[in-house]
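Biologist: Could you take a close look at the backbone of one loop for me, and then tell me how it sits in the wider picture? I would enjoy a walk through the details.

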Amino acid sequence: MAEVFETINWALVAPLLVIQLILQVVALIDWFRIEHTNGPKIMWLFIILLLNMIGPILYFVVGRRQE
Amino acid sequence: MMQFMTVFKREMLEAGRNFKWIWVPLVFILLGISDPLSTYYLPQIIESVGGLPEGASFEIPTPPAHEVLMMSLAQYSQLGVLVIALMSMGLISGERKSGVAELVLVKPVKYSTYVSAKWSAVSVLVLVSFFAGLIASWYYVNILFGDISLLDLIWTWFFYGLWLLYVISISVFMNTLFKVPGLVGFLTILFVILTSIITNIFSHVLEWSPAKISGYIRTMLSDGSIPGDLWGTALVTIGISALLLIAAIYTFRTKEMA
C-alpha cells in the first residue's frame, strides 16, 4: 500500500480533496446556521462528516428543508 | 422585460442563499474529473485492490483523449441529470405548495414571465456549472491523455448543453403539472430515461432524437468536423424544449386559474 501512495501524483489528486473539503465545510456552516433539517438534525451531521463526497451533496439536496 | 429581470434576480439570489451556486458547480467539477483520474490510475487501482492470481497480467490500452472526455459526458448524462432533477424539483411545485407562488402571482407578473424567468435562472446555473466541469475534465484529459482543442471543447459544451436544457425543460413542465416535489423529480428522471429507451427502440426512424446528441458529439470529436446530423439533432432538441416550455406556461395558467 505504501508504494501505491508514492506512485500517486498528488498534484493531480489534490483538487479532488480540496473540492471535497469545500463541500464539507460549506455543508457544516449551513448545518450550524439552519434551524430545522429534513429529519433529525444530528443525523445530518454524521452524514456530512462520514460519507465522503456524497454526504454534503445529499445534505444539500435532501437535508435542507424545502420551505 | 423589467418583470422578467426582477423574477430572475430573485431566483439568482435564492440560489445563492441555498448554496446552489457553490455546490452545483463543485459537483459538476467532481463528475468531470473523476473519470479521467480513475481511468488513468486504473492499473494501480486494480493492483491495490488485488484479487488477481499470481502472475496474472493484462495490458489495459490507454484510451484516446476524446474517449475519456466522452466518459465524463456519460457521467453527466447519469449523475448530472440526477442532480439537475433533484435540484430543480421544488422550483415551482415547492412554491405552489407553500403558497409563495400566489404571493408572486398576485402582483401583475405574467405566468409566462414567472415560468420563463425560473427556467432561465436554472439554465444559467446548470450551463455555468457544466462549463466549469467540462473545463476541469478537459484540463485533466490534456495532462494525462492528449490534446483536445479548445474549439472542440466549446462545441461539446454547446451541443451537450442543449441536452441539459432539454432536461431542465422537462423538469419545469413537470413542476407545473404536480405540486409534490418528489413526484416531479421522479417523473423528470423517468421522462429522460423514456426518451433514451424510445430512441433505442425506434433508432432507425428517430435519427435526430435528443438522446442521440452524445453519440453525434462522439463522432464530432473523433472526426474533427461537425456532422450534419448533429445540427439536426440540436434543432430538434431546441424545438422540443421550446414546446415543453410553452406547454408548461399553458398548464400553469390553467392550473392556477382553477
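Modeller: Happy to! Helices here are DSSP runs of H or I with at least four residues, numbered from the N terminus. With that in hand, the loop to look at in this predicted model is the one between α1 (2-17) and α2 (20-40) of chain B, where B:F19 is placed. What is the phi of B:F19, given that it is not a glycine? The angle is positive, at about 65°. Most residues other than glycine have a negative phi. As for its surroundings, B:F19 has 19 other C-beta atoms within 10 Å. Since a residue is called buried at 20 or more, B:F19 therefore counts as partly exposed.

Chain A offers a companion case. A:M53, likewise not a glycine, has a positive phi of about 60°. Its place is in the loop between α3 (41-50) and α4 (54-63) of chain A. A:M53 is partly exposed because 16 other C-beta atoms lie within 10 Å.

Now for the wider picture, where the two chains meet. Here 18 residues of chain A are in contact with 18 residues of chain B. On the side of chain A that touches chain B, the elements giving two or more residues are α1 (2-7), α2 (10-33) and α4 of chain A. Of these, α2(A) gives the most, with 8 residues. By character, that side of chain A divides into 13 nonpolar, 2 polar and 3 charged residues.

Definitions and conventions:
Residues numbered from 1 in each chain as written. Chains lettered and ligands numbered in written order. Predicted model: local features only at pLDDT ≥ 70, side-chain atom pairs only at ≥ 80, totals over all residues. Buried ≥ 20, exposed ≤ 12 C-beta atoms within 10 Å, placed from the backbone. Contact = placed C-beta atoms within 7 Å. Nonpolar A, V, L, I, M, F, W, Y, C, P; charged D, E, K, R; others polar.
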